[in-house]
Amino acid sequence: MNLRSKQTNENDISLAGKPLLPPALQSLLIQIFSLLLCLVVALVVGVSFKKNIPPITIIFAQAIVACCFSYWRKMDWWWWIIHFLFPLAVFVLLAFDIPRYYYLCGFIFLALLFWSTFRTQVPYYPSKSSLLPTLFELLPDRPVHFVDVGSGLGGLVLKLAQVRRDSFFYGVEIAPLPWFISYLRAKFNRAKVEFLFCSYERIDLNQFDVVFAYLSPAAMPSLWEKVRKEMTPGSLLLSYEFIVPNVAPDLCINKNPNDPTLYVWRI
C-alpha cells in the first residue's frame with residue numbers, strides 16, 4: 001500500500017491549463033492533417049519513383065501519423081488508440097458493401113453511450129473492482145450518504161450498497177444508455193441505490209458525506225469549485241486517477257502499482 005500525505009511530488013499534481021481546443025476538435029484536425037500529409041508523401045513518391053502506393057498503405061500510414069501526433073499533443077492514451085483505429089475502420093467499412101442501417105444503429109448506440117462526451121469531455125471510465133476494499137476502509141463507521149458522480153453502469157455503488165446496508169448510495173449519470181442499464185440493475189437486485197439521470201452540476205452536494213468521481217482532467221476544476229462551495233466540513237471528495245489542479249490532496253492511495261491512484265480531499 002502506498003499511502004502518502006499532502007507532501008506529493010510534481011508528478012501527482014497536474015498544473016497544465018485547459019487545452020486551446022476541445023479534444024474532439026483537436027482529433028478532427030489531427031486526422032485531416034495526417035491524411036493530407038500522407039497523400040502529399042504518396043504523390044511525391046509516385047512522381048519521383050514512378051510507383052503508385054496502395055491505398056491501404058496510405059491509410060495505415062495515416063493511422064500511425066495520427067497516433068504519433070496525438071501522443072505529441074499529450075492527449076490521453078485512449079486517444080492514441082482511437083486515432084490509430086479510426087482511419088483503418090473507415091477504410092474497412094468503405095471497402096465492404098455494408099447496409100446503411102448498420103451505420104445508423106452504430107450511431108444511435110454510440111450517441112446513447114457517449115451522450116455528452118463532447119461537451120463534458122468525460123468519456124466512459126469503468127472503475128476497477130480492486131478499488132472496493134479501499135473505499136470500504138475510507139467510509140466512516142456510521143450511516144453515510146455516498147454519491148458516485150458519473151456512475152456509468154452503476155457497478156461501484158451497487159457493490160458498496162451490498163455490504164454497507166446501513167448507508168445510502170446514489171449514482172449520477174448523464175448518458176442515457178449507462179443510466180438506464182444501472183437503473184435496471186438496481187431494480188433487478190432490489191438494491192438500496194438510487195440512480196439519477198442528470199448532470200452532477202444539478203444536484204446539491206451538501207446532502208452527501210462522500211462524493212466519488214472518476215471523470216477526466218477537464219472536469220476536475222469545476223467539480224472542485226462545486227465541492228468547495230457546497231460540501232460540509234468533515235465530508236470527503238474521492239477522485240480516482242484524476243487530480244484537482246493546484247490543490248494538494250490529503251491522501252494518495254495506491255495499493256496496486258498497476259491501478260490508478262485514489263486521491264482524497266478532506267473538506
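**Close-up views of a predicted model**

**View 1. Asn254, tucked into a strand.** Asn254 counts as buried because its relative accessibility is 13%, and the cut-off for buried is under 20%. This residue belongs to strand E7, which covers residues 251–254. Keep in mind that what you're looking at is a predicted model. Asn254 and Leu131 sit 123 residues apart in sequence, yet their C-alpha atoms are 9.2 Å apart in space.

**View 2. Leu262 and its contacts.** Which residues does Leu262 touch once its neighbours within four places in sequence are set aside? From the 131–138 part of the chain come Leu131, Thr134, Leu135 and Leu138. Phe212 is on the list too, along with Leu238, Ser239 and Tyr240. Leu251, Cys252 and Ile253 round it off.

**View 3. The largest nonpolar core.** This core has 52 residues, and Phe212, Leu238 and Leu262 are the ones that touch the most other members. Helix H7 (residues 155–163) chips in five residues, the largest share. Apart from this core lies another one, made of five residues, including Ile30, Ala66, Met75 and Trp79.

**View 4. Helix H7 under its cover.** The buried residues of H7 are Leu156, Val157, Leu158, Leu160 and Ala161. What lies over them? Among the covering elements are two helices, H6 (132–138) and H8 (176–189). Strands do their bit as well: E2 (145–149), E3 (168–173), E4 (193–197) and E5 (210–213) are part of the cover.

**View 5. A nonpolar patch on the surface.** Leu25, Leu28, Leu29, Ile32, Leu35, Leu36 and Leu39 together make a nonpolar surface patch of about 570 Å². Take Leu28, which is found in helix H1 (residues 23–49). Is Leu28 buried, partly exposed or exposed? Leu28 counts as partly exposed, because its relative accessibility is 47%, and that class runs between the 20% and 50% cut-offs.

**View 6. Stepping back to the whole chain.** The protein chain has nine helices and eight strands. Of its 267 residues, 40% count as buried. The accessible surface comes to about 16,000 Å², with 65% of that belonging to carbon and sulfur atoms. Looking at contacts between residues at least 6 apart in sequence, 68% join residues at least 24 apart.

**View 7. How confident the prediction is.** Mean pLDDT for the protein chain is 82, and 82% of the residues reach 70 or more. Over residues 1–19, though, the pLDDT is below 50. That stretch still has 33 contacts in the model beyond near neighbours in sequence.

How values were computed: Residues numbered from 1 in each chain as written. Predicted model: local features only at pLDDT ≥ 70, side-chain atom pairs only at ≥ 80, totals over all residues. Heavy atoms only, no water. Patch = residues over 30% accessible without salt bridge, like charges linked within 9 Å, V, L, I, M, F, W, Y side chains within 5 Å. Areas by Shrake-Rupley, 256 points an atom, 1.4 Å probe, with all protein chains shown as cover. Salt bridge = Lys/Arg side-chain N within 4 Å of Asp/Glu carboxyl O. Helix = DSSP H or I, 4+ residues; strand = E, 2+ residues; numbered from the N terminus. Buried < 20%, exposed > 50% of the residue type's maximum accessible area, 1.4 Å probe, protein only. Contact = heavy atoms within 4.5 Å. pLDDT = per-residue confidence, 0-100. Core = buried A, V, L, I, M, F, W, Y, C linked by side-chain atoms within 4.5 Å.
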